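Q: Please take a close look at a single part of this structure, the surroundings of ligand 1. What lies around the ligand, and how much of it does the protein cover?

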Amino acid sequence: MLDFFKGPILALQDFFFLTGRALRNIFRSPHYTDDILLQMDIIGVGSLPIVILTGGFSGAVMALQMSRALATYGATGQVGQIVAITLVRELGPVLSALLVAGRSGSGMASELGSMKVTEQIDAMRALGTDPIQKLVTPRLLATAIMLPLLTIISDLVGLAGGFLVSSITLNTTASQYWNTAYRALVWNDLAQGLLKPFVFGIVIALVGCFYGLRTSGGTQGVGLATTKAVVVASVWIFVFTFFITQIFVNQQ
Amino acid sequence: MPDSTPQSVLRFEHVSITFGDTVALNDVSFDLKAGGTRIIYGAAGSGKSVMLKIALGLLKPSSGRVFVFGQDTTDLKEKDLFPIRSKMGVLFQEGGLFDSMTIEDNVAYPLENAITAPDGKARIPADQISGRVREALRFVELEQTLVKFPSELSGGMRRRAGIARATVNEPPLMLYDSPTAGLDPITANMIMALIIKARDTKNTTSAIVTHRYQDGQLLANFRYNPESGRLERTEKNGDGVCARTTFMVFGEGRLVFEGTQDELDRSADPYVSKFKAVKQ
Ligand SMILES: Nc1ncnc2c1ncn2[C@@H]1O[C@H](COP(=O)(O)OP(=O)(O)O)[C@@H](O)[C@H]1O
Ligand SMILES: [Mg+2]
């Protein structure tokens with residue numbers, strides 16, 4: 001029984017150790033600015049197309065679903081409001097985070113994993129570089145900064161997608177749609193809509209790097225690490241969105 | 001450096017390390033003196049790589065103590081290990097070249113890192129780096145591959161680039177982990193010639209892990225002649241490389257043999273004899 005828990009508890013301990021070191025390194029030199037910028041480009045700019053696509057379609061789908069439901073109450077004018085609230089509070093952050101977990105989290109795990117099995121991480125340490133400073137901290141910073149920005153873009157494109165659908169199916173005018181959408185949002189929504197992707201970004205980067213750096217067992221191990229990173233990060237995204245929502249719901 | 005009392009460069013005292021249930025090293029003690037060459041034989045999984053990683057401080061022993069250049073490094077923090085590691089060059093079994101960097105940047109890495117090291121002491125002026133990198137690559141005959149990436153090179157070329165990176169800041173101690181593994185005999189001999197050349201031109205203390213009997217034979221009986229630029233056989237019984245070359249054999253984490261070439265050749269131990277049997 002004790003042995004059963006030993007593995008996961010040791011792993012959790014390692015994870016918190018990595019988290020501590022990665023966060024501490026943010027305030028320590030050397031700062032690998034080039035690596036941070038490169039990662040911001042890979043994670044942020046690289047994820048832009050898929051985030052725009054999924055964001056746009058999720059807004060459109062929301063509008064499509066809601067237009068039927070709202071029509072039964074004769075409240076089709078409210079479609080902008082509903083799309084805005086669901087997108088900004090929940091769908092935008094979670095969908096963008098899942099995409100970035102699938103794209104960048106897995107990338108981090110496989111890149112660091114192959115560096116581990118080819119002894120590049122050992123070589124880095126042997127040549128006097130802290131791999132956490134050089135590899136983990138830049139990815140952590142880049143994801144924590146870029147995911148909120150990606151989410152804002154996803155929200156905006158989603159709102160536009162929702163407008164497109166509601167103007168076609170419900171003949172909603174632009175001013176009606178955007179006015180209700182704008183008035184529906186309060187600071188509370190924006191705050192949780194930005195806090196969530198910030199937290200998810202930290203989770204994705206740390207989980208991806210953690211499994212990457214733990215890789216063992218050759219190339220097979222790299223595939224395993226990649227899968228684990230995506231699955232674990234995705235689960236944590238849902239757990240965290242629940243608790244963050246909980247905090248904000250209580251504050252209203 | 002007076003020849004009479006060579007200093008200890010790498011010393012293990014009763015070092016053991018376990019991973020879960022695997023005992024990777026079991027009570028290993030040895031002492032490698034300055035100017036010596038140590039050849040380490042052993043079957044796959046016998047703990048040779050783990051031994052080198054403990055020497056570098058990449059792994060911490062479960063018990064025992066490690067001394068590098070006379071300094072106890074067993075409990076040192078990573079940050080305090082960096083200055084010691086800069087005096088050790090290492091060629092990893094898997095190469096360890098950075099995939100994301102060109103060969104030039106890989107070889108320049110130890111030099112550039114020395115400039116920006118946390119202790120802040122600039123050791124190599126930036127304008128000299130390029131020259132030093134070229135020189136190191138010329139040493140391994142890889143000058144033409146400056147802007148290539150490791151993935152564009154053959155296995156033998158990657159090893160040579162690895163040797164260039166390991167030797168570029170002229171460390172007094174060189175560690176080679178299976179430098180000839182997975183290479184054809186011709187390429188393997190070329191790599192061994194480079195290792196001998198590095199040892200004899202830069203006067204480094206060297207530890208070489210290998211499973212090829214001939215690698216040890218070459219290291220023990222040949223030296224690099226700087227005039228002719230070739231290897232030449234050394235006479236036995238002199239105070240040449242042969243006397244300074246010692247052998248170790250690892251078996252299942254234990255040090256099962258330590259001694260000179262003659263002692264190795266005379267050993268009747270069946271496991272040790274395995275590393276003499278393949279004499280082609
Ligand atoms: N980081 C590690 N985690 C767990 N086991 C390891 C680790 N490194 C090495 N081992 C185990 O230690 C033993 C010795 O490995 P190694 O030194 O790599 O052998 P070799 O002599 O072939 O270089 C092997 O059984 C290996 O599985
Ligand atoms: Mg090995």
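A: In this predicted model, a polar backbone atom of Gly47(B) sits 3.0 Å from an oxygen atom of ligand 1. Ser46(B) has a backbone N or O atom 3.2 Å from a ligand oxygen, and for a polar backbone atom of Gly45(B) the distance to a ligand oxygen is 2.6 Å. These are polar contacts, meaning pairs of N or O atoms within 3.5 Å. On its own, ligand 1 has 560 Å² of accessible area (Shrake-Rupley method, 1.4 Å probe), and the protein covers 60% of that.

Gly45(B), Ser46(B) and Gly47(B) belong to the shell of residues with a heavy atom within 4 Å of the ligand. Also in the shell are Phe19(B), Thr22(B), Ala24(B), Ala43(B) and Ala44(B), together with Lys48(B), Ser49(B) and Val50(B).

In chain B, strand E2 (22-33) and helix H1 (48-56) each give at least two residues to this shell; a helix here is a DSSP run of at least four residues (H or I) and a strand one of at least two (E), numbered from the N terminus. H1(B) has the largest share, three residues.

By class, five shell residues are nonpolar, five are polar and one is charged. Gly counts as polar, Ala as nonpolar and Lys as charged in this scheme.

Residues are numbered from 1 along each chain as written, with chains lettered from A and ligands numbered from 1 in written order. Local features need pLDDT of at least 70 and side-chain atom pairs 80 or more, while totals for chains, interfaces and linings use all residues, and side-chain values use heavy atoms, without hydrogens or water.

Definitions and conventions
A polar contact is a pair of N or O atoms within 3.5 Å; within protein, one must be able to donate a hydrogen and the other to accept it, and residues adjacent in sequence count only if both atoms are side-chain atoms.
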